[in-house]
Amino acid sequence: MTDSLALPTPETFPSFPYPPYNIQSDLMRHLYTAIEASKLAIIESPTGTGKTLSLVCSALQWLEDDRERAKRGQLDALKSSVQDDNEPAWVIEQTVERMRRELEVQEQELEERLEKARQKELAKRAMERARVTKRRKLDHKPDEDDEDEDQFLPEDDSPDASLNPRAAWQMRVVEDEPDPVCTKIYFASRTHTQLSQLRVELLKTPKGNLKRVVPLASRKNLCINDDLKRSGVDIDEGCRAMLTGDKGKRCSYLPPPDEASRMLDFRDHILASPKDIEDLVALGQEMKTCPYFGSRRAVAQAEIVTLPYNLLLQKGAREATGIDLKGHVVIIDEAHNLIDTLLSIHSVSLSLHTLRESLAQLKVYHDRFKNRITGRHLLHLRRLINFLTALEKVLDDAGKDKKSKETLMTVQELEGSLGRKAEGVNLLEIHTYLRTSKLARKVSGYSDKAAQKDANGKRILVTPPLHAVEGLITALSNASADGRIFLVAAPSSNPSGEMSVQLKYQLLNPAPNFKEIVDEARCVVLAGGTMSPMSVFEQQLLPFLPTPQLATFSCGHVIPKENLCALVLSKGPQGSALKFNYDQRSNNAIMADLGMVLLNLANVVPDGMVVFFPSYSFLAAVQSSLKASGMWEKIGLKKPLFMEPNDGSSVEQVLREYGGAISNGSGKGALLLAVVGAKLSEGLNFSDGLARAVVLVGLPYANMKSAELQERMRFVREAAGTQPQGGRDAGMEMYENMCMRAVNQSVGRAIRHKGDWAALIFVDTRFTTAKVRTKLPGWISADLTTPETYGKAAAQLAKFYRSKKMPEAVHPSNTIQ
């Protein structure tokens with residue numbers, strides 16, 4: 001890039017809808033510079049500081065500037081070319097002007113198309129505001145019992161082998177006639193709810209309603225075919241089956257060849273104004289067009305594409321969705337758990353029960369079709385059955401002694417344990433065959449068709465177990481030194497007394513999979529409210545990245561200093577040293593001191609108070625101790641007590657009851673006991689009166705006896721080569737970082753905007769150590785105090801809450817709730 005085309009970092013960002021705080025301006029400039037320099041940026045901006053809005057405004061400013069640069073580049077190149085031909089000045093001027101007008105016409109045509117779509121949407125909303133849209137009926141509901149079994153035959157290598165000519169043509173209409181591609185921002189987050197927040201923030205900006213935003217999601221989230229969803233079959237498999245062009249079988253929401261303009265019209269409506277998943281589904285129902293394929297068609301001309309983690313982080317998912325990251329900007333929000341997410345989605349588990357189901361289905365399929373398939377298919381099918389039979393024996397043997405155990409092995413050791421029956425089986429060949437033949441889909445489809453019907457005549461859902469087997473084989477065939485096999489046997493709840501046995505392939509190194517994304521994209525941004533300690537990303541996720549290519553940014557909070565009280569309680573009211581490691585759970589003196597701490601806090605903290613414990617078992621031990629001493633009842637008289645349930649489905653109810661107890665006018669507030677790393681410690685907003693104090697009891701270190709954790713620590717040590725951090729053990733460094741990331745997420749539940757205030761109380765003497773304090777977010781550690789005695793700590797808290805006994809200031813609009 002020549003200096004004349006390099007983009008200088010702007011001092012201001014006109015699209016930011018409010019006068020920005022200094023930290024917001026700094027963040028936007030930092031991100032703009034990182035994108036222009038093609039660096040990888042790690043950005044930490046606490047919740048409440050306008051992180052999402054700052055990211056969007058900065059990235060869109062760069063996108064707009066880059067678009068103007070591209071036009072200048074084209075015009076400069078044309079001018080240089082004409083000058084080389086020694087043309088007169090007036091010819092050069094006219095030629096360049098003609099190209100400028102052509103570029104403007106292209107933009108104008110796109111904008112006119114989208115404006116028509118906007119006007120149609122406005123007109124429809126005006127006409128149908130009080131009208132309920134009825135679901136469109138399918139032309140014909142196919143009689144599944146009459147289906148031709150040829151559809152269940154394994155496929156050959158042709159990419160369109162599963163589709164008849166009409167269906168293949170339809171897919172080309174959807175995918176193979178690409179629109180002109182523009183540079184775009186891929187914005188990924190953990191949940192669709194978090195992605196919807198981007199739309200909310202975007203609409204705050206000038207002309208934000210004109211930005212071209214496309215939300216991507218799975219068929220499960222976007223399917224509008226009610227008959228398919230009610231059928232009980234797997235949505236992905238059912239959708240693929242309904243791509244056929246045969247009358248009565250093709251999905252009515254996928255336009256037929258003679259109505260191809262319907263899909264183009266739907267594309268324009270998607271691009272006309274920012275939409276989230278719910279908007280896309282509603283638009284699809286209104287226009288009777290598939291949102292899943294429509295959103296894919298709209299990607300090429302989008303400025304922003306929102307998508308969940310799984311669609312971005314898996315290469316197979318990116319390829320299946322048609323996502324090409326080359327030259328584009330990737331922003332990964334809520335990136336604090338990125339390493340664990342990468343390891344999780346590239347790790348695969350298979351239970352003995354699922355393996356047996358899959359093997360039984362394969363044998364039935366083999367017997368039914370062995371005389372109708374070619375010798376090549378029959379050979380691969382029998383090899384797969386032999387492999388799974390041998391694998392079943394390995395898992396079955398693991399549970400025969402009725403003892404819980406966890407066995408670690410490499411992929412090669414697993415292959416060696418399979419015995420003679422599996423000799424000569426090449427996992428890579430099996431993987432390739434499963435992928436090209438689509439055998440898992442065929443076996444699942446045939447098994448579903450052959451399943452017995454219930455009393456109402458509805459087919460009973462058959463889970464496609466071969467998909468799980470295929471996932472394991474895919475992982476094993478691509479396995480390297482970065483993965484391990486864990487064979488786990490444990491007692492089950494089965495009345496027969498049979499052991500539960502599971503085979504798990506665990507990825508240990510997330511870096512190679514993430515490197516693919518970094519290599520493709522122009523710039524990758526990892527953003528979150530609590531990214532500390534950042535060193536973990538450098539060591540485990542980005543060891544391949546040269547230091548000059550990494551840009552880190554961490555800002556303070558927007559709250560004034562007097563709105564935060566952060567302190568460590570290292571001693572209890574009775575003088576006990578508060579250290580809540582595993583051995584101290586049975587220490588009656590420390591448990592009694594903890595009970596008194598909670599009672600005293602319930603006396604002084606107004607409204608809501610959230611207390612986090614390292615684990616459910618620790619929480620249960622505390623509850624038992626407090627009830628035995630009578631302290632549980634005393635605390636409950638001050639504030640009603642609520643506990644985070646083990647059952648995730650009950651969390652919403654507990655939250656409603658907790659919030660109701662705070663707002664019911666009694667003045668007591670409420671106390672919520674929660675678990676670090678569980679549902680309440682991440683993604684929830686305990687703003688204002690919902691959390692005037694967040695209390696961390698102990699440190700949530702993972703179980704060091706876990707074979708998976710020990711192997712991961714060993715791998716990190718070997719990968720580090722030399723000892724980092726002044727000779728510190730790399731495995732222990734990772735172990736501590738895992739703990740502190742969980743701590744930082746929990747304390748981040750409170751103080752969600754500039755006008756908010758709360759106390760953050762760390763109840764454990766280990767929070768006084770440098771290795772722990774330095775891994776807290778800077779805006780907390782900078783003002784963290786450690787009173788010498790419990791009495792001084794109590795006085796400091798009382799003074800803080802007395803200072804807040806006044807009408808709360810009106811919250812400024814420049815906040816994220």
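This is a tour of a predicted model, stop by stop, with a selection to make at each one.

**The whole chain**

Start with everything shown as a cartoon. The protein has 817 residues, and 52% of them count as buried. Its secondary structure comes to 32 helices and 17 strands. Among contacts with a separation of 6 or more, 80% are between residues 24 or more positions apart.

**The seven-stranded sheet**

Next, select β1, β2, β3, β4, β5, β10 and β11. These 7 strands form an open sheet with parallel pairing, and the order across it is β3-β4-β2-β5-β10-β1-β11. The edges are β3 (213-215) and β11 (550-554); each has a single partner strand, so one side of each is left without a neighbour in the sheet. On average, neighbouring strands of this sheet are turned by 15 degrees against each other, direction ignored.

Zoom in on the β3 edge. Strand β4 (residues 304-308) runs parallel to β3, and 3 bridges join them. To find one of these places, select proline 215 and its bridge partner in β4, threonine 306.

**Two crossing helices**

Now select residues 260-272, which are helix α9, and residues 277-287, which are helix α10. Their axes come within 11 Å and cross at roughly 145 degrees. The crossing of α9 past α10 is right-handed. Show side chains here: Arg262, Asp265, Phe266, His269 and Ile270 of α9 meet Leu280, Leu283, Gly284 and Met287 of α10. Sorted by class, this contact has 5 nonpolar, 2 polar and 2 charged residues.

**Strand β17 and its partners**

Select residues 758-763, strand β17; 6 of its 6 residues are buried. In a regular strand, side chains alternate between the two faces of the sheet. Which residues point which way from β17? Ala758, Leu760 and Phe762 point one way, Ala759, Ile761 and Val763 the other way, and all are buried.

Add β12 (564-569) to the selection. It runs parallel to β17, with 6 bridges between them. One pair to pick out is leucine 567 with its bridge partner in β17, isoleucine 761. Then add strand β16 (residues 693-697), which is also parallel to β17 and is joined to it by 5 bridges. Here alanine 693 stands opposite alanine 759.

**The loop between β12 and α23**

From β12, follow the chain into the loop that leads to α23, and stop at serine 576. Is this serine 576 buried or exposed? Serine 576 is buried, with a relative accessible area of 15%, because the cut-off for buried is under 20%. Leaving out residues up to four places away in sequence, serine 576 touches Ser570, Lys571, Ala589, Ile590 and Asp593.

Phenylalanine 580 lies in this loop between β12 and α23 as well. It is buried, with a relative accessible area of 3%. Beyond residues up to four places away in sequence, phenylalanine 580 touches several others, including Leu594, Phe618, Val697 and Val763. Ile590 is another of its contacts; the C-alpha atoms of phenylalanine 580 and isoleucine 590 are separated by 8.3 Å, with the two 10 residues apart along the chain.

**Helix α25**

For the last stop, select residues 631-638, helix α25, and colour its buried residues, Met631, Trp632 and Ile635. They cover an arc of only 100 degrees around the axis, which puts them on the same side of α25. Turn to the face away from this buried side to find the exposed residues Glu633 and Leu637. The buried residues of α25 pack against α23 (588-604), α24 (616-629), β14 (641-643) and β15 (670-675).

Conventions. Residues are numbered from 1 along each chain as its sequence is written. This is a predicted model: local features need pLDDT of at least 70, side-chain atom pairs count only at pLDDT 80 or more; totals for chains, interfaces and linings use all residues. Side-chain values use heavy atoms; hydrogens and water are left out. Buried means under 20% relative accessible area, exposed over 50%, partly exposed in between (1.4 Å probe, protein chains only). Helices (H or I, at least four residues) and strands (E, at least two) are DSSP runs, numbered from the N terminus. The arc is that of the directions from the helix axis to the C-beta atoms. Contact means heavy atoms within 4.5 Å. Two strands pair if DSSP finds at least two bridges between them. Axes are lines fitted to C-alpha atoms, for helices over the stretch in contact, and angles run from 0 to 180 degrees between N-to-C directions. A crossing is left-handed if the near helix is turned anticlockwise from the far one by less than a right angle, and right-handed if clockwise. Ala, Val, Leu, Ile, Met, Phe, Trp, Tyr, Cys and Pro count as nonpolar, Asp, Glu, Lys and Arg as charged, and the others, Gly among them, as polar.
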